Amino acid sequence: MGNQLNGKRVLVTGATSGIGKACAHRLAEAGTDLVLCGRNGEKLEALKQAFGPFGVDIKVLVFDVRNRKEVESRLSILLETTAIDILINNAGLALGLEAFDGGDVDQWEEMIDANIKGLLYVSRAVVPQMRRRNSGHILNIGSIAGKMTYPGGNVYSATKAAVHALGEAMNIDLAGTAVRVGNIAPGAVETNFSNTRFSGDETRADAVYEGYEPLHPEDIADLALYILNAPSHVNIQDVLVMPTAQRNPYVHSRNG
Ligand code: 8X3
């Protein structure tokens with residue numbers, strides 16, 4: 001396919017760790033300029049330093065996707081001087097695994113605010129420029145949980161189903177433009193996802209990935225690069241990807 005990414009500018013939300021960080025790394029290797037977004041400025045600055053050898057331009061933008069005013073002000077200032085070619089809507093989280101009737105409403109709100117509202121705030125700010133330039137690519141990070149729920153997945157699944165619906169909607173609403181919208185729905189990826197979900201309970205988090213090889217964030221980054229690097233007439237809209245040892249949210253082949 002060649003490298004269509006060299007010299008483009010990519011904005012990644014949730015770039016401090018996991019899938020966002022791996023995507024940023026692979027893209028820097030491919031020669032894209034970056035806007036690294038997240039809540040932790042120190043971690044973002046450290047990444048900027050670490051990516052120095054790739055020789056790409058890197059901007060750091062500290063904001064919380066859940067904070068609408070912060071998103072709007074940071075991004076409007078950025079967009080005055082910077083064209084964004086690719087938006088990776090990666091920021092998001094899962095919290096808890098209780099049955100919905102025993103669920104923690106604060107955790108629900110946090111997931112809804114980050115996974116749905118945050119994605120909308122960022123996209124609402126960035127995409128008008130893509131439409132105006134008639135150029136751009138949006139990549140949303142969904143989840144197997146958005147296609148098929150599982151016990152205790154309730155609100156997290158609903159937020160990821162919303163991400164998938166919004167990806168479809170964006171594709172429809174951007175029909176007639178050159179802007180493409182892709183969705184990646186991963187199964188088990190070993191990141192701090194489960195650690196966050198179980199509020200730092202490492203034993204519980206480790207158990208999620210025990211006895212089989214889960215996906216690594218770099219696997220998702222490789223897929224993201226493939227999607228983003230596809231020729232401009234190719235719009236890879238939706239990809240479901242799981243470890244070979246996982247066939248759906250319930251079926252894992254553990255211990256070989
Ligand atoms: C992450 C995958 O199955 O833990 O979105 O919900 S799962």
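**Exercise 1. Establish which residues Leu36 touches beyond its sequence neighbours, and where Leu36 sits in the fold.**

Leaving out residues up to four places away in sequence, Leu36 touches Val12, Ala15, Ala24, Leu44, Leu47, Lys48, Ile58, Lys59, Val60 and Leu61 in this predicted model. The next step is to place the residue in the secondary structure, and Leu36 turns out to lie in strand E2. Its relative accessible area is 0%, and since buried means under 20%, Leu36 counts as buried. As a check on distance across the chain, the C-alpha atoms of Leu36 and Ala178, which are 142 residues apart in sequence, are separated by 24 Å.

**Exercise 2. Determine how many residues make up the largest nonpolar core, and which elements supply it.**

The largest nonpolar core contains 36 residues, and those with the most contacts inside it are Leu27, Leu34, Leu36, Ile88 and Ile184. Turning to the elements, at least two residues of this core come from each of the strands E1 (9-12), E2 (33-38), E4 (86-89), E5 (137-141) and E7 (238-241), and likewise from each of the helices H1 (18-29), H2 (41-50) and H8 (217-229). Helix H8 provides the largest share of this core, with seven residues. Apart from this core lies another, of 33 residues, which includes Cys37, Leu61, Leu87 and Ala145.

The surroundings of one well-connected member can then be listed: setting aside neighbours within four places in sequence, Ile88 is in contact with Val10, Leu11, Val12, Thr13, Cys23, Leu27, Leu139, Ile141 and Leu228. As background, nonpolar side chains tend to be buried together in soluble globular proteins.

**Exercise 3. Describe the cavities of 30 Å³ or more, giving their number, volumes and linings.**

The structure holds two cavities that reach this volume. For the largest cavity, the volume is about 70 Å³, and its lining consists of 14 residues, of which Leu95, Gly96, Glu98, Trp108 and Asn154 lie nearest the centre. Two or more lining residues come from each of helix H4 (105-133) and helix H5 (154-173), and H4 gives the most, with three residues. Sorted by class, this lining has five nonpolar, six polar and three charged residues.

The second largest cavity encloses about 30 Å³ of space. Its lining is formed by Asn89, Asn90, Ala91, Asn115, Leu119, Ile141, Lys160 and Val163, with H4 and H5 each supplying at least two of the residues. By class, four of these lining residues are nonpolar, three are polar and one is charged.

**Exercise 4. Work out what lines the second largest pocket, and which element gives the largest share.**

The second largest pocket has a volume of about 270 Å³. Around it stand Leu120, Ser123, Arg124, Val127, Pro128, Arg131, Ile138, Leu166, Ala169, Met170, Asp173 and Leu174. Helices H4 and H5 each supply at least two residues of the lining, while the largest share, six residues, comes from H4. The class division of this pocket lining is eight nonpolar, one polar and three charged residues.

**Exercise 5. Count the salt bridges, and characterise the pairs formed by Asp57, Arg66 and Glu72 with regard to partner and exposure.**

Taking a side-chain nitrogen of Lys or Arg within 4 Å of a carboxyl oxygen of Asp or Glu as the criterion, the count comes to nine salt bridges.

The side chains of Asp57 and Arg9 meet in one of them, at 2.8 Å from N to O. This pair links distant parts of the chain, as Asp57 is in the loop between H2 and strand E3 (58-62), whereas Arg9 is in strand E1, 48 residues apart. Asp57 counts as partly exposed, at 38% relative accessibility, but Arg9 counts as buried, at 11%.

In the case of Arg66, the partner is Asp64, and the closest N and O atoms are 2.8 Å apart. Arg66 counts as partly exposed, at 27% relative accessibility, whereas Asp64 is buried, with a relative accessible area of 17%.

Finally, Glu72 and Arg68 form a salt bridge at 3.1 Å, N to O. Because they are four residues apart in helix H3 (residues 68-81), Glu72 and Arg68 are separated by about one helical turn. Glu72 counts as partly exposed, at 39% relative accessibility, and Arg68 likewise counts as partly exposed, at 49%. Beyond these pairs, Arg26, Glu29 and Asp222 are joined into one network by salt bridges that share partners.

Methods
Residues are numbered from 1 along each chain as its sequence is written. This is a predicted model: local features need pLDDT of at least 70, side-chain atom pairs count only at pLDDT 80 or more; totals for chains, interfaces and linings use all residues. Side-chain values use heavy atoms; hydrogens and water are left out. A nonpolar core is a set of buried Ala, Val, Leu, Ile, Met, Phe, Trp, Tyr and Cys residues joined through side-chain atoms within 4.5 Å. Buried means under 20% relative accessible area, exposed over 50%, partly exposed in between (1.4 Å probe, protein chains only). Contact means heavy atoms within 4.5 Å. On a 1 Å grid over the protein atoms alone, a cavity is a set of points where a 1.4 Å probe fits but cannot get out, and a pocket is an open set with protein on both sides within 12 Å along at least five of seven lines; lining residues have an atom within 4 Å of a point. Grid points are joined across faces, edges and corners, and a volume is the space filled by probe spheres set on the points. Ala, Val, Leu, Ile, Met, Phe, Trp, Tyr, Cys and Pro count as nonpolar, Asp, Glu, Lys and Arg as charged, and the others, Gly among them, as polar.
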